[in-house]
Amino acid sequence: MESLQKKWYYCCCLALLFFSLTAHTQISISGRVVDQNGDIALAGASVYFNNTTIGAYTNPHGDFHFEINDLLNTEMVISFAGYEVLMYKLNVEQVKGKRIVFKLQPKAEQQINKMVLTDVVRKRFLEIFQQSFLGITKEAKKSSISNEGSIYFARGNNSTSFLAYADTPLVIINNMLGYKISFNLLEFWYDDATGQSYTSGYTRYEEFGDDKKWIKNRQNCYYGSSLHFYRSLITNQLYEQGFGTFLIQEVTDSIHKSVLTAEQARAAAEIVTTVPVTAQQILFIDSTNNFSIRVNGRLLVQYFKDPSSKRYLKRNISTEDGPGRGTESYILFKAASIGLNNAGVLSDASQVDYVGYWTYEKAANSLPYDYKPE
């Protein structure tokens, strides 16, 4: 067993060494964005990698060019007002030494029954949208949507739910972390009866600058986050970075013999079993130096320090974390194997659900995938 662990650790070190050696090899990406019907150049189109600060705007001829160090397991997004958003997943061979032409399709007229709202109801819907999307943390309080007038609402599939749309990217100014965020909203729904919401879209970050207060605030937001956890996992530094991981065993109702969630088990006074697990037991690496997480069930992640957001939430909002030190988050993996790259980015984030502290990681508390602490 010890030899296997050493071999695993050696492979991880080898993969990280390979990454460090190739991280400075720049990948040049250039191309043009045009209208699909007339090949007309689209000046000012946004071309970026989703959830990063990596991107460019097209010049008056529709041309763009930028260089990156790594593709980060994320999509390239091409966006222009009045056109359908184009998403394209690249690999190095597709872009190396090539010029890509993206043809955008004019946006089709959507048949959406917009709700006609009074000022009072619209204000309430906007507040719900902002809390569900930006969050309720200190970072969220310091953030604002500068073009919230472009948001409109429609009825959901039942009497207690509603949907939100926007025909242009939402512009979020995060004054605490120093980012201007452009968000192409794909889907938003909220159910007033359950308080549940869902948001999906594409995100571009643009930095305000290198002001020291933003550097410190970004670090405070990073430590204890899910991004911090995944990066600690791939470097085999969970304990050193303040994390503990535990597998939540399936609990069976002693009477009906059915599998219970942790919340149902507590309500039924059943015993919930947690088993400590190491990085070697849940993280695997293949012959091409690609990581994958394989967990059967739910994973409890404890962070043994108090993130700055927890201190704010405890002072201002009632949370489930209580007075004890640290935080708890649960991860439910919906796929048997989920890829993870060297930057701590999941190959498919939609295959993961969070419960606990990480549910407070909304847009205002999320950092770009290319962020690195000082």
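**Notes on a predicted chain: buried residues, cores and paired strands**

1. Lys-310 counts as buried because its relative accessibility is 1%, and a residue is called buried when this value is under 20%. The model in which this is seen is a predicted one, and a reader should keep that in mind throughout. Lys-310 belongs to helix H9, and a polar atom of its side chain lies 2.5 Å from the backbone oxygen of Gly-326.

2. Helix H9, which covers residues 308–316, has further buried residues besides this lysine: the list is Ser-308, Ser-309, Lys-310, Tyr-312 and Leu-313. What do the buried residues of H9 pack against? They pack against helix H4 (138–141), helix H5 and strand E21 (327–333).

3. Strand E21 also holds Glu-328, and with a relative accessibility of 33% Glu-328 counts as partly exposed. The side chain of Glu-328 is joined to that of Gln-302 by a polar contact of 3.0 Å. Glu-328 and Leu-300 are 28 residues apart in sequence, while their C-alpha atoms are 6.9 Å apart in space.

4. Helix H5 (residues 212–222) contains Tyr-222, and this tyrosine is buried, its relative accessible area being 5%. Which residues is Tyr-222 in contact with, leaving aside its neighbours within four places in sequence? They are Leu-227, His-228, Arg-231, Leu-367, Tyr-371 and Pro-373. Along the chain, Tyr-222 and Ser-366 are 144 residues apart, and yet 8.3 Å separates their C-alpha atoms.

5. For the chain as a whole, there are 9 helices and 23 strands, and buried residues make up 43% of the 374 residues. Among the contacts with a separation of 6 or more, 64% are between residues 24 or more positions apart, and the pair Glu-328 and Leu-300, 28 residues apart in sequence, may help a student to picture such a separation.

6. The largest nonpolar core has 30 residues, and those that touch the most other members are Phe-129, Phe-133, Leu-134, Ile-145, Ile-151, Leu-170 and Ile-172. Two or more residues of this core come from each of helix H3 (119–133), strand E9 (151–155), strand E10 (161–166), strand E11 (170–174), strand E12 (179–191) and helix H5. Strand E12 gives the most, with 6 residues. As a general background, nonpolar side chains tend to be buried together in soluble globular proteins.

7. Ile-145 offers a view into this core: not counting residues up to four places away in sequence, Ile-145 touches Phe-129, Gln-130, Phe-133, Leu-134, Ile-151, Leu-170, Val-171 and Ile-172. A second core, separate from the one just described, has 26 residues, including Ile-234, Val-301, Leu-346 and Tyr-360.

8. Some of the strands that contribute to the largest core are also paired with one another. Strands E9 and E10 form a hairpin with 5 residues between them, and their pairing is antiparallel over 5 bridges. On its other listed pairing, E10 is joined to E12, again in the antiparallel sense, over 3 bridges. Leu-163 can be followed through both pairings, since Ala-154 stands opposite Leu-163 in E10, and the bridge partner of Leu-163 in E12 is Trp-189.

9. Elsewhere, an open sheet is formed by 3 strands in the order E18-E19-E22, with antiparallel pairing. Why is one side of E18 and of E22 left without a neighbour in the sheet? Strand E18 (283–285) and strand E22 (338–340) stand at the edges, and each has a single partner strand, so one side of each has no neighbour there. Neighbouring strands of this sheet are turned against each other by 35° on average, direction ignored. Strand E18 is joined to strand E19 (residues 291–293) by 3 bridges, and Leu-283 has Ile-293 as its bridge partner in E19.

10. A final point concerns confidence. The mean pLDDT of the chain is 85, and 85% of its residues reach 70 or more. Over residues 255–260, however, the pLDDT is below 50, although this stretch has 13 contacts in the model beyond near neighbours in sequence. Residues 265–270 also have a pLDDT below 50, and this stretch has 10 contacts beyond near neighbours in sequence.

Methods:
Residues are numbered from 1 along each chain as its sequence is written. This is a predicted model: local features need pLDDT of at least 70, side-chain atom pairs count only at pLDDT 80 or more; totals for chains, interfaces and linings use all residues. Side-chain values use heavy atoms; hydrogens and water are left out. Two strands pair if DSSP finds at least two bridges between them. Helices (H or I, at least four residues) and strands (E, at least two) are DSSP runs, numbered from the N terminus. Axes are lines fitted to C-alpha atoms, for helices over the stretch in contact, and angles run from 0 to 180 degrees between N-to-C directions. Buried means under 20% relative accessible area, exposed over 50%, partly exposed in between (1.4 Å probe, protein chains only). Contact means heavy atoms within 4.5 Å. pLDDT is the predictor's confidence in each residue, from 0 to 100. A nonpolar core is a set of buried Ala, Val, Leu, Ile, Met, Phe, Trp, Tyr and Cys residues joined through side-chain atoms within 4.5 Å. A polar contact is a pair of N or O atoms within 3.5 Å; within protein, one must be able to donate a hydrogen and the other to accept it, and residues adjacent in sequence count only if both atoms are side-chain atoms.
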